[in-house]
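Got your viewer open? Let's take a short walk through this one, selection by selection.

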Amino acid sequence: MKAVCWNGKKDVRVQTVPDPEIINPRDAIIKTERSLPGSSIDHTGSVFFHSVPRRNGTEVKVMLAYKPPAGSAGAAVWPR
């Protein structure tokens with residue numbers, strides 16, 4: 001997968017890295033996205049994954065923000 005990697009002071013690059021895994025209970029995986037400038041829907045979002053050992057599972061938290069096309073008129077008809 002592609003990821004933005006911090007390699008040191010003033011050295012941030014997009015690199016190909018292995019898919020992440022949750023190995024330790026305190027590990028977390030965070031995936032983020034953002035629309036490109038000029039896209040029809042301006043959005044940004046993050047998905048957080050971390051293990052929940054007591055429940056033998058993974059907790060998923062999603063955060064999403066967007067500006068629908070046509071401003072407030074678009075917000076009135078855009079699905080939520």
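Here is the tour, with the ground rules up front.

This is a predicted model, where local features need pLDDT of at least 70, side-chain atom pairs count only at pLDDT 80 or more, and totals for chains, interfaces and linings use all residues. Residues are numbered from 1 along each chain as its sequence is written, and side-chain values use heavy atoms, with hydrogens and water left out.

Select V4, W6, V12 and V14 to begin: they make a nonpolar surface patch of about 500 Å². Patch members have over 30% relative accessible area and no salt bridge, with nonpolar side chains (Val, Leu, Ile, Met, Phe, Trp, Tyr) joined within 5 Å. β1 (2-8) and β2 (11-16) each give two or more residues to it; strands here are DSSP E runs of at least two residues, numbered from the N terminus. Click on V14, in β2: its relative accessible area is 60%, so it counts as exposed (over 50%, 1.4 Å probe, protein chains only).

Next, colour β3 (residues 28-34) and β4 (residues 42-52), an antiparallel pair joined by seven bridges. Strands pair if DSSP finds at least two bridges between them. To get your bearings, find R34 opposite T44 in β4.

Now add β5 (residues 57-67), which runs antiparallel to β4 with eleven bridges joining the two. G45 sits opposite L64 in β5. Follow the chain round the β4–β5 hairpin: four residues lie between the strands, and N56 in the turn has a positive phi of about 55°.

Last stop: show the side chains of K61 and F48. K61 lies over the face of F48, 6.0 Å from the ring centre; the test is NZ of Lys or CZ of Arg within 6 Å of the ring centre and within 35 degrees of the ring normal.

Key
Patches are made of residues with over 30% relative accessible area and no salt bridge: like charges are joined within 9 Å, nonpolar side chains (Val, Leu, Ile, Met, Phe, Trp, Tyr) within 5 Å. Accessible areas come from the Shrake-Rupley method with a 1.4 Å probe; for residues, only the protein chains shown count as cover. A salt bridge is a side-chain nitrogen of Lys or Arg within 4 Å of a carboxyl oxygen of Asp or Glu. Buried means under 20% relative accessible area, exposed over 50%, partly exposed in between (1.4 Å probe, protein chains only).
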